[in-house]
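Here is a quick tour of one chain, with the sequence and the coordinates alongside. Let's see what packs where, and which spots stand out.

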Amino acid sequence: MSSLTGDEGPGTSAPGRQATVADTFSESGLEQQVVDLLAASPASSPQTLGMQGEPETNSPRVLHQPTVPDCVQKGMDRKDAALVVEKGTFQGKEALLVVLPDSSDSTRVTAYLMDATCVSRPSSGTAKILLKDSYARR
């Protein structure tokens, strides 16, 4: 039986290595995660323009823009409004997936997988980019 850390059994793990939860994000699965998150996010639909009517009242309600912590925004060096923000883990580190409109092509988005250590420990400084890629909007 294998564990979540991928250890093969007793005596095979490195001394002092702690068991970690399986990563939420992976390089190979990131595009599909971005597509799924965008599809589930009403704020990313251009036709809503940040407003959506309540079916039972027909009155508009404002949809909240995803919030990107300052230290993460500084690490990306972009001030655009995020389409999607998702917390998770990547390679055993606290991570934040931030999806922004592509600055040069409106048919694409740019996904930043950021080290989110600075969110819980501000003394760690500006977030570092763990992974960055551009994907087609679907």
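A residue counts as exposed here when its relative accessible area is over 50%, and as buried when that value is under 20%. With that cut-off, Gln 91 counts as exposed because its relative accessibility is 58%. Keep in mind that this is a predicted model.

**Two loop residues with positive phi**

Gln 91 is found in the loop between S3 and S4. Its phi is positive, about 50°, although Gln 91 is not a glycine. Asp 77 makes a companion case: this residue isn't a glycine either, yet its phi is about 55°. Asp 77 lies in the loop between H2 and S3, and at 68% relative accessibility it counts as exposed. Here are the two side by side:

| Residue | Phi | Relative accessibility |
|---|---|---|
| Asp 77 | about 55° | 68% |
| Gln 91 | about 50° | 58% |

**Helix H1 and what covers it**

Which residues of H1 (residues 30–40) are buried? They are Leu 30, Val 34, Val 35 and Leu 38. Looking down the axis of H1, these buried residues fall within an arc of 140°, so they line one face of the helix. Ala 39 and Ala 40, on the other side of H1, are exposed. The cover over the buried residues of H1 includes four strands: S3 (84–90), S4 (93–101), S5 (108–115) and S6 (129–136).

Just past the helix comes Ser 41, in the loop between H1 and strand S1 (51–53). Is Ser 41 buried or exposed? Its relative accessible area is 12%, so Ser 41 is buried. Leaving aside neighbours within four places in sequence, Ser 41 is in contact with Leu 83 and Val 84.

**The nonpolar cores**

The largest nonpolar core has 15 residues, and Val 34, Leu 97 and Val 99 have the most contacts inside it. H1, S3, S4, S5 and S6 each give two or more residues to this core. There's also a second, separate core of 13 residues, which includes Met 76, Leu 100, Tyr 112 and Cys 118.

Back to Val 99 for its partners, again leaving aside neighbours within four places in sequence. From H1's buried set, Val 99 is in contact with Val 34 and Leu 38. Other contacts of Val 99 include Ala 82, Leu 83, Val 84, Val 109, Thr 110 and Ala 111.

**Strand pairing**

S4 and S5 form a hairpin with six residues between them. The two pair in the antiparallel sense over seven bridges, with Ala 95 opposite Asp 115 in S5. S5 also pairs with S6, in the antiparallel sense and over seven bridges; there, Thr 110 stands opposite Ser 134 in S6. Seven of the eight residues of S5 are buried, so this strand is largely enclosed by the rest of the structure.

**The disulfide**

How many disulfides does the chain have? The count comes to one. It joins Cys 71 to Cys 118, with an S to S distance of 2.0 Å. The torsion about that S-S bond is about 75°, so the disulfide is right-handed. The pair links distant parts of the chain: Cys 71 sits in helix H2 (residues 70–76) and Cys 118 in helix H3 (residues 117–120), 47 residues apart. Both Cys 71 and Cys 118 are buried, and Cys 118 is one of the residues in the second core.

Technical notes
Residues numbered from 1 in each chain as written. Predicted model: local features only at pLDDT ≥ 70, side-chain atom pairs only at ≥ 80, totals over all residues. Heavy atoms only, no water. Buried < 20%, exposed > 50% of the residue type's maximum accessible area, 1.4 Å probe, protein only. Arc of directions from axis to C-beta. Contact = heavy atoms within 4.5 Å. Core = buried A, V, L, I, M, F, W, Y, C linked by side-chain atoms within 4.5 Å. Pairing = 2+ DSSP bridges. Disulfide = S-S within 2.5 Å.
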